[in-house]
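Reader: I like to know how each label in a structural description was earned. Could we go through some of them together?

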Amino acid sequence: MGKFLNFFSKKSSDDVETQKPSKEDLLNRQIDALYGILAETMGSDKLVIKAGKMGAMRLMRSESRGERVLALQRIILENPTIERMPSDDEIPKILMELSEQTADIMARQSMEDAIEKKIQEKMEENHQDYVKDIRMQILDEEKAPVESPQSIKKNEKLDKLNSIHLTQSVMELLRPNSLDEIVGQSRAVHSLLAKLSSPYPQHLILYGPPGVGKTTAARLVLEEAKKMASSPFAEDAPFVETDGTTLRWDPRDMTNPLIGSVHDPIYQGARHDLADRGVPEPKPGLVTDAHGGVLFIDEIGEMDPMLQNKLLKVLEDKRAYFESTYYDPTDEKVPAYIKKLFEEGAPADFVLIGATTREASDISPALRSRCAEIYFEPLTPAHIIEIVQNASRKLSATLSDGVAELISEYTVEGRKAINILADAYSFALERTGESDSVVIEKDDVIAVAQVSRLYQYVTKKAYDGYEVGHIFGLGVAGYLGSVIEIEAVAFPAHEKGKGTVRFNDTAGSMAKDSVFNAASVMRRLTGIDMADYDLHINVVGGGNIDGPSAGTAILSAIVSAVTGRAIRQDVAVTGEISLYGRVRPVGGVFEKAYGAKQAGIKTMIIPDENKKDIPPNHFELQIHSVKTAEEAFEYIFEGGWQGAADGAVDSRRQ
């Protein structure tokens, strides 16, 4: 190209010896040279085609030097609108300008040729790889089957097993199909529905004993929420269910079904095509499966604390993020979806519903602070009876008189009640041999109880009557309350002022402290000194009393034993007693009411500061809140506090 430019500015050394060409010959040679270079650079065919497009074909073949230069202008400048033909004086300058344009064209063409060559080489390389892959695929298809006779036989056995189907399980058949079928949880279900159908649904933790319908309620409430206009859940919103006892945190983050994990190409092996290229593959977990719906974690209190913290991070970000030392963001071989998962994370916008049989104090405070809390109530015998009757209709079975009531004595769980009914149904079916009209008798339930070693849940029964030195206190374990029988006997000491006090050790140290508090209160209220009596106090069954809540009950039993005044046997009392005779607040009042109802108690006495913890007439109990021991005695003793006081006077006279 340098020689080409020099042609216009320098004379050839050969011209020294030859005759100097005329100006016209020099211009003609320059014009011919430009045409020759264009033909060589572009190709003759392309030059002719371009001249045709620029309207320069006739001008190229003209004898006129000016028209041939005009044709060059149109072709090189790619402008068919140039009409003015240059004069002989203008041609040298125009040729110099056109030569520079031609030089640019030659440089560009050279670069394009180099790029085109590389493209062809790359295409040929890829073509060879493609042909190789196709050849390997064909060879694989032509290979003999890898199935051995043993594997073929096992596959046939598996197909045979898959063709066998029994009827649905009894639990599946008897499971509630609508919210109306969930018995005894109207308040909890209403609260659950209100929180899920809101435009701003909350994460929830459901507390309650096992077998009361927490999981079923959550599933059915989501279906109801989908139908409401205010709900953010779509019709296809998923309900993803898992169990906290099976979720474990892997410190290597190689397996995490809840949050998701990354399959590295070396240690775990990502997908075959990804592993060959050294690309890690993220595997989204259950939090992404639940996107747009509900993630239900049963027994959430059993989850590993570290996994709970990772779940909290997902709740905050509404996305699950992945990390891998094998991920290279600059690698062009990484598929777009994997790049997006690593850089943006997987979507995880869901409502968390956790269920637990543990107490709230056992759950992570960080998790509780992000969730609304709903308590499911224990089931009463009336609830169990209703559940059994509903289930018997689904079984198309008839219950003899008292069968549902008998089942309610053996359990406080709806699930367990259905299991007992199903077992009794099987006994009845085997006994009669008829499947069309099965009648379940009491003997069938008793047979189930004997085989399964079931015992009646409630063994302590209240009654309409009076006893001296015997009272029902109230305790709570988990979500279930129960009555505690406390009894006391008193005898005059052999030597006045040297009486003794005996109290069973298994009751606990705090219960013993309540005895000494009661002694001080009794002396203050009645003037009787317990040192003048040999006193024996017993907690029937040897149960441990965790806390001072039996103080008022112990005081009442001691006063009754010393004064001889009888105590109502349809009354139960709870409350700590202070040295000044005040009845102090205690915990678990709601659950204790359940225990009182189970034992047949009619009247329940609670501290005045606990009256807001329980609705009036809860479980149809007569609930009285008291501030002092004297107020409690009005409901506990036959004849009220005055009767107990009169008994105290008689005791002092004796």
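Author: Gladly; what follows is a set of questions about the labels used for this predicted model.

Reader: Let's begin with Thr102. Why is Thr102 called buried or exposed?

Author: Thr102 has a relative accessible area of 1%. Buried means under 20%, so Thr102 is buried. Thr102 sits in helix 6, residues 91-142. Leaving aside residues up to four places away in sequence, Thr102 touches Leu34, Ile37, Leu38 and Ile76.

Reader: And what does the side chain of Thr102 reach?

Author: The side chain of Thr102 reaches the backbone oxygen of Leu98, at 2.7 Å. A polar contact calls for N or O atoms within 3.5 Å, and the 2.7 Å to Leu98 is within that cut-off.

Reader: On to the helix pairs. How do you know whether helix 2 and helix 5 are roughly parallel or roughly antiparallel?

Author: The axes of helix 2 (residues 23-42) and helix 5 (residues 65-77) cross at roughly 30° and come within 11 Å. Angles under 35 degrees count as roughly parallel, and helix 2 and helix 5 are therefore roughly parallel to each other. Helix 2 passes helix 5 in a left-handed crossing.

Reader: Which residues make the contact of helix 2 with helix 5?

Author: On the helix 2 side they include Leu27, Ile31, Leu34 and Leu38, and on the helix 5 side Val69, Leu72, Ile75 and Ile76 are among them. By class, this contact of helix 2 with helix 5 has 10 nonpolar, one polar and four charged residues. Leu34, Leu38 and Ile76 are also touched by Thr102.

Reader: What makes helix 16 oblique to helix 18?

Author: The axes of helix 16 (residues 381-394) and helix 18 (residues 414-432) cross at roughly 45°, coming within 9 Å. Under 35 degrees would count as roughly parallel, and roughly perpendicular runs from 65 to 115. The angle of roughly 45° fits neither, which makes helix 16 oblique to helix 18. The crossing of helix 16 past helix 18 is right-handed.

Reader: How do the residues of the contact of helix 16 with helix 18 divide by class?

Author: From helix 16 come Ile384, Ile387, Val388, Ala391 and Ser392, and from helix 18 come Gly414, Ala417, Ile418 and Leu421. They divide into seven nonpolar, two polar and no charged. Gly counts as polar here, which may be handy to know when looking at Gly414.

Reader: Why is helix 9 called oblique to helix 10?

Author: Helix 9 (residues 186-196) and helix 10 (residues 214-226) have axes that come within 9 Å and cross at roughly 45°. With that angle, helix 9 is oblique to helix 10. The crossing of these two helices is right-handed. Helix 9 contributes Val189, Leu192, Leu193 and Leu196, while helix 10 contributes residues including Ala217, Val221, Leu222 and Glu224. The classes here are nine nonpolar, no polar and one charged.

Reader: Last, the backbone. What is the phi of Lys318, and how exposed is Lys318?

Author: Lys318 is not a glycine, yet has a positive phi of about 60°. Its place is the loop between helix 13 (305-317) and strand 6 (319-320). The relative accessible area of Lys318 is 44%. Buried is under 20% and exposed is over 50%, so Lys318 is partly exposed.

Reader: Where is Glu78, and what is its phi?

Author: Glu78 lies in the loop between helix 5 and helix 6. Its phi is near 55°, a positive value in a residue other than glycine.

Note on methods: Residues are numbered from 1 along each chain as its sequence is written. This is a predicted model: local features need pLDDT of at least 70, side-chain atom pairs count only at pLDDT 80 or more; totals for chains, interfaces and linings use all residues. Side-chain values use heavy atoms; hydrogens and water are left out. Helices (H or I, at least four residues) and strands (E, at least two) are DSSP runs, numbered from the N terminus. Buried means under 20% relative accessible area, exposed over 50%, partly exposed in between (1.4 Å probe, protein chains only). A polar contact is a pair of N or O atoms within 3.5 Å; within protein, one must be able to donate a hydrogen and the other to accept it, and residues adjacent in sequence count only if both atoms are side-chain atoms. Contact means heavy atoms within 4.5 Å. Axes are lines fitted to C-alpha atoms, for helices over the stretch in contact, and angles run from 0 to 180 degrees between N-to-C directions. Angles under 35 degrees count as roughly parallel, over 145 as roughly antiparallel, 65 to 115 as roughly perpendicular and the rest as oblique. A crossing is left-handed if the near helix is turned anticlockwise from the far one by less than a right angle, and right-handed if clockwise.
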